[in-house]
Amino acid sequence: MSLVCRILKVVSDNPLLHIHFEIPFDRVRAEHVEPAMAELLADARAKVEAIASDSAPRTYDNTLLALEKATERLDYAIGIVRHLEGVATYPELRSAFNAVEPLVSEFYSGIPLHAGLWKAIKALDETHPELTPARHRLLTKTVESFRRHGADLDDAGKKRLAEIDVALAKATTKFSENVLDSTNAFELIIEEEKDLAGLPPTARSAARASAESKGVNGWRFTLQAPSYQPLMTYLDNREIREKVYRAYSTRASSGEYDNSVLTADILKLRREKALLLGFRDFADLVLEDRMAKNGASAQAFLERLEARTENRFTIENQELRDFASFELEPWDVGYWAEKLRLKLYDFDEEALRPYFPMEKVVSGMFDIVGRLFGIRVVHKPAAHVWHPDVRYYEIRDEDGRLLGAFYADWYPRESKRGGAWMDAFIIGLYDPPQSEPHAGTICGNLTPPVGETPSLLTHREVETIFHEFGHLLHLVLSQIEVRSLGGTNVAWDFVELPSQIMENWCWEREALNLFARHYQTGEPIPEDLFQKMRRARTFRGANAQMRQLSFGIVDLKLHREYSPERDGDVIPYSRHILQKFSAVRLPEDHAMIASFTHLFASPVAYGAGYYSYKWAEVLDADAFSLFLEHGIFSREIGLQFRGNILSKGDSEDPAVLYRRFMGRDPDPEALLVRSGLA
Ligand code: ZN
């Protein structure tokens with residue numbers, strides 16, 4: 001065989017080059033990645049050029065639809081590679097992914113800056129074409145998105161924008177390195193066992209192992225969450241708690257890893273970028289295509305919740321002070337709250353595990369969504385999975401029509417990243433009677449089976465399964481004629497509604513009775529255990545809420561109001577805001593903002609977007625109240641949710657979709673009730 005023939009064979013065998021509904025994960029190898037991406041990038045570039053240079057009159061088909069199609073194969077292939085790198089990686093795959101990833105991102109971020117393409121899209125817009133609502137929305141969103149990415153700037157403006165983006169990437173990378181380095185610069189070795197009093201055995205053995213790994217005697221503690229959290233919650237020794245708290249709350253605020261100037265620089269760059277693009281501030285730039293629409297409405301939302309939480313917050317803090325019977329410092333709060341929780345509820349989360357065997361939880365969840373949404377989830381033997389633990393399922397409508405399929409991969413492996421997530425591989429087009437099915441995956445790192453014992457989950461893990469499955473339903477039930485508006489491609493502050501609402505079924509007796517059964521006896525959760533679990537849910541609910549509100553408000557004030565000339569150093573400015581939301585007086589050197597990676601670890605990150613956590617909670621609690629009112633298995637409300645939310649993707653404004661489902665705008669009352677604050 002000649003060399004040319006062999007190359008041709010490798011290329012045509014490359015499983016990344018063709019879209020298959022049953023994705024051949026088992027055939028994708030590291031050596032396929034670079035050749036496939038080279039070909040797909042060249043193909044996508046050529047198609048983009050062809051759109052820009054097309055001299056025919058502008059139509060939806062030859063402009064926007066053509067642009068959607070231009071990247072379809074590339075989207076598919078990079079999605080598969082990224083997924084495999086996350087769930088079944090090995091050195092060759094990782095380096096192949098790292099080699100292509102920057103080229104692919106560069107291609108995508110170059111699209112809005114392509115002058116010819118922008119001209120074509122504007123020309124289409126100017127024809128005021130008659131379009132279906134979804135296609136019209138795609139046009140509007142594309143025009144806005146190109147503008148937000150600088151398509152309308154002159155050459156000097158584009159140059160400055162590129163400089164800002166480079167500077168932001170540099171500053172935010174440095175910010176997160178400083179947080180990491182200053183976190184790692186701290187260690188505390190406890191040498192006397194008596195100083196460990198109060199600490200649970202798991203935390204002790206982790207501290208022991210950490211000391212051994214460093215070749216030191218005693219117990220080693222760090223500022224990483226798995227070490228820091230138990231220490232602040234359980235350790236009796238108050239002096240040690242104070243020392244560790246102070247180290248934690250002053251990370252990256254002085255010396256070698258100081259983020260104070262960097263934080264102000266990042267804020268300044270973001271503001272300049274927003275002004276350059278014609279926005280009042282960075283919050284308005286980021287929120288333009290979100291449900292909140294702008295910074296002012298997000299901030300007003302948080303401030304209204306704050307006003308509704310303050311009362312209960314004061315009462316909770318007084319209760320804790322009375323219980324401890326002295327004036328608490330920040331390093332006392334978690335510790336005394338845990339003591340109070342034990343006194344009131346004496347609730348051990350581990351006691352629930354035997355009632356949550358994985359198989360039953362999953363089949364019970366399928367039962368619930370079947371009742372609600374009129375769908376059937378069927379397990380199928382999988383042919384081409386990336387690991388033998390992976391399960392493959394089909395979801396069919398009541399009439400038997402295939403809506404989609406998904407892979408479930410629940411257990412940890414060394415070759416798999418942490419956390420839990422849902423991913424879409426194929427977003428099918430809605431075009432009855434030939435609508436295409438969707439394909440996606442839900443992944444997690446849940447408690448695996450051990451020997452003869454099946455996988456027994458914590459309640460939090462059960463919520464995780466329901467949560468990710470909610471995202472999956474948003475994909476699989478989507479019926480949209482525009483691919484890029486389908487599935488979970490919705491506004492950031494709307495995307496958690498379908499997922500978080502599912503968690504509510506994990507707290508209702510009727511639903512739990514379907515799937516929470518003792519793995520040996522088949523008994524449901526005993527009533528007293530269930531009651532304790534419910535009551536513990538609202539314990540110090542106002543404090544939990546004020547903490548989230550404080551982060552959301554400091555985020556918005558920094559991105560909307562802060563001016564270094566007027567307000568001075570960013571650390572005291574932020575501390576002053578946070579103080580109002582704290583149960584106790586914050587120390588003078590408290591500098592949490594300097595390590596707030598959520599906001600500052602990448603050019604956009606959660607900047608001006610932290611409010612979305614609370615926003616989504618308001619939506620899910622409010623929407624679930626309709627199920628509570630009509631019965632948690634109500635098919636009528638289920639179909640209403642499916643029809644107005646789950647099937648609609650981003651084909652309409654999320655506020656409109658929500659209003660159509662609820663018959664009104666979101667109301668925070670249900671969240672306040674659920675958190676014990678009403
Ligand atoms: Zn989620």
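## A tour from helix H20 to the zinc site

Begin by selecting helix H20, whose buried residues are covered by elements that include H15, H17 and helix H19 (509–515), where contact means heavy atoms within 4.5 Å. Helices (H or I, at least four residues) and strands (E, at least two) are DSSP runs, numbered from the N terminus. The model on your screen is predicted, so local features need pLDDT of at least 70 and side-chain atom pairs count only at pLDDT 80 or more, while totals for chains, interfaces and linings use all residues. Residues are numbered from 1 along each chain as its sequence is written, and side-chain values use heavy atoms, with hydrogens and water left out.

**Helix H20**

Within H20 (residues 527–537), show the side chains of Leu529, Phe530, Met533 and Ala536, which are buried; buried means under 20% relative accessible area, exposed over 50%, and partly exposed in between (1.4 Å probe, protein chains only). If you turn the view to look down the axis of H20, its buried residues fall within an arc of 135 degrees, so they line one face of the helix. The arc is that of the directions from the helix axis to the C-beta atoms.

**The zinc ion**

Select the zinc ion next, and display His467 (NE2), His471 (NE2) and Glu496, the last of which gives two OE entries in the coordination, at 2.1 to 2.8 Å. Donors here are N, O and S atoms within 2.8 Å of the metal (3.2 Å for Na, K and Ca), and because water is not among the atoms, sites may look incomplete. In sequence the donor residues are spaced H-x3-H-x24-E. Histidine 471 sits in helix H17, whereas glutamate 496 is in the loop between H17 and helix H18 (497–503), 25 residues apart, so that the pair links distant parts of the chain. Histidine 471 is buried at a relative accessible area of 9%, while glutamate 496, at 24%, counts as partly exposed.

The 4 donor atoms subtend angles of 51 to 138 degrees around the zinc ion, which makes the arrangement irregular. For that label, four donors count as tetrahedral if all angles lie between 85 and 135 degrees; four count as square planar and six as octahedral if opposite donors are over 155 degrees apart and all others between 65 and 115; anything else is irregular.

**Salt bridges**

Staying with H17 (residues 459–476), select glutamate 461, which forms a salt bridge with arginine 353, the closest N and O atoms being 3.9 Å apart. A salt bridge is a side-chain nitrogen of Lys or Arg within 4 Å of a carboxyl oxygen of Asp or Glu. This pair links distant parts of the chain, 108 residues apart, since arginine 353 lies in the loop between helix H15 (330–345) and helix H16 (358–373). Glutamate 461 is buried, with a relative accessible area of 13%.

The structure holds 52 salt bridges. Another one to display joins arginine 308 and glutamate 669, with the closest N and O atoms 3.0 Å apart. Arginine 308 is in helix H14 (residues 295–324) and glutamate 669 in helix H28 (residues 669–674), a separation of 361 residues. Arginine 308 is partly exposed at 38% relative accessibility, and glutamate 669 is partly exposed at 31%.

Then select arginine 312 and glutamate 319, whose side chains meet in a salt bridge at 3.9 Å, N to O. Finally for this group, pick out Lys159, Arg160, Glu163 and Glu272, which are linked in a network of salt bridges.

**Backbone details in loops**

Where does the cis peptide bond involving proline 432 lead? The bond runs from proline 432 to proline 433, with omega near 5 degrees, and proline 433 is found in the loop between strand E6 (421–426) and strand E7 (438–443).

Move on to lysine 293, in the loop between helix H13 (282–287) and H14. Although lysine 293 is not a glycine, its phi is positive, at about 75 degrees. Aspartate 346, in the loop between H15 and H16, also has a positive phi, of about 40 degrees, and is not a glycine. At 53% relative accessibility, aspartate 346 counts as exposed, whereas lysine 293 is partly exposed at 38%.

**A buried asparagine**

As the last stop, select asparagine 178 in helix H8 (residues 155–184). At 3% relative accessibility this residue counts as buried. Not counting residues up to four places away in sequence, asparagine 178 touches Ala252, Tyr257, Asp258, Asn259 and Leu262.
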